[in-house]
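Reader: I'm new to this one and would like a close look at a single part of it. Could you walk me through the sheets, starting from one strand pair?

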Amino acid sequence: MGEKREFLKALLGSLFLANFPLEALGRKRAVIYRIRYSNTPERTRVVLDCTAEVRRQDIKDHFSGKVLWLDVKNAGAVRKLVRRIKSPLVSEVKVIPINHRRTKVKVVFKESHRFKVFGLRSCAGKPFRIVIDVFPEFVPISCEVRKAPTRVVVIDPGHGGRDPGAVWPPRSRHPRIREKDITLSIALKVRKYLKKHPDIKVVMTRMRDVYVPLLKRAEIAAKACADAFVSIHADSMPNYPDWSGVTVFKASPRLFAKAQKTAKEVAKRVKLCSDVMCWSISPLLINMATTVTFAESSRLAQAIVESLKAHVNDELINGIKDMHRNIVVLKTPGRPAVLIECGFLTNPIDRRRLVKEWYQEEIAKGIAQGIERYLTSLNKVAYAR
Ligand SMILES: [Zn+2]
């Protein structure tokens, strides 16, 4: 299609552009012919496809304001390319040909972020590439030392806005049941119960049907200096329609080991404090912080499971499971976090009760009381010193 035509045009262009010094070295001149991008929770990756190799030493980068400029030597462009980027970090990329041996690339960031630029050789059917990875920059926050016994919990209703989560019927354009509505409804009920407690402050990652990127959710937790983070979901397991009930997930030990690296990155930007101490950025303390978080996440999960069993038919409580998937919100240092799957839309009985007020109330009561128990236990620990 269009892309293929662009590639052929670029290839032809590169053959016709005479550049004797380069060819004398046995290297073909590169032509940039396409802008692509992808998003993961950790980064946005912008890829510029080229007809030949561009060496890193031929790329000069310059960052000013919110704009990253790349000055690429020994590379032309098929024409001026512009691409709007749907990402929490980057808004637009432009490839501007200066002449056939020099091209400028303009990457517009949404805020000031960290970035890495490198080249990739052609392999496995993929062309030569210039890659720009953009990572989020956390705002430095110093958590005020809170006066005990005030505690902060962040409640995170999963999905929202253009991300409906699981839906029923599956792949339907106008589904009758959407995970994003169930998560918001249960989360607001949890908030209602917790607000009755004078010493607990509830921060929500969303109050309405809006899309909130994962990193934004992690940032909200960091800025709130939360003592606990609770993410609420309702799963879908098409291959296991008999799976049902409530499951509380915490990060697996393996994920936590991997998380230490991310933790260091996050902690460089976020000063982490509890009311007994602040984590500085020394690696030893970060290791301590992640170990503490790991143990604390288990305690939080335990408290929630126990009180869920008291409020919901306990046969419906699947207990605690380890999350192996790389979930950003489960691995912030110094911040115990759990993810609760309230049920399965693929199970007919779960599906029916998940949309019912009474069932949502039962689950919300269970979650709220578990959080309350956990948060009050923190005060006991602090005062016992
Ligand atoms: Zn979900």
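In which sense do β6 and strand β7 pair, and over how many bridges?

Author: Happy to. Bear in mind that this is a predicted model. β6 and β7 (residues 90-99) pair in the antiparallel sense, and 4 bridges hold that pairing. If you'd like one spot to look at, find Val 82: its bridge partner in β7 is Lys 94.

Now step back from that pair. β6 and β7 belong to an open sheet of 5 strands, and the order across it reads β3-β4-β8-β7-β6. The pairing in this sheet is antiparallel. β6 (81-84) is one of the edge strands, and β3 (59-64) is the other; each of them pairs on one side only. Going from one strand to the next, the twist averages 10 degrees.

A second sheet makes a handy companion to that one. This open sheet also has 5 strands, in the order β5-β1-β2-β10-β9, but here the pairing is mixed. At its edges stand β5 (75-77) and β9 (114-120); each has a single partner strand, so one side of each is left without a neighbour in the sheet. Ignoring direction, neighbouring strands here are turned by 30 degrees against each other on average.

Let's walk across this second sheet from the β5 edge. β5 pairs with strand β1 (residues 30-39) in the parallel sense, over 3 bridges. Within that pairing, Val 31 stands opposite Gly 76 of β5. β1 is also joined to strand β2 (residues 44-50), this time by 7 bridges, and those two run antiparallel. Look for Ile 32 there: its bridge partner in β2 is Cys 50. So you can see both senses around β1, parallel with β5 and antiparallel with β2. In general, strands of a sheet pair through backbone hydrogen bonds, and either sense is possible.

Over at the other edge, β9 pairs with strand β10 (residues 128-135) in the antiparallel sense, over 7 bridges. The pair to find is Val 117, which stands opposite Ile 132 in β10.

To put all this in its setting, the chain holds 21 strands along with 8 helices. Of its 385 residues, 42% are buried. Contacts often reach across the sequence, too: among those between residues at least 6 apart, 72% join residues at least 24 apart.

Terms used: Residues are numbered from 1 along each chain as its sequence is written. This is a predicted model: local features need pLDDT of at least 70, side-chain atom pairs count only at pLDDT 80 or more; totals for chains, interfaces and linings use all residues. Two strands pair if DSSP finds at least two bridges between them. Axes are lines fitted to C-alpha atoms, for helices over the stretch in contact, and angles run from 0 to 180 degrees between N-to-C directions. A residue is buried if 20 or more other C-beta atoms lie within 10 Å of its own, exposed if 12 or fewer, and partly exposed in between; C-beta atoms are placed from the backbone. Two residues are in contact if their C-beta atoms, placed from the backbone, lie within 7 Å.
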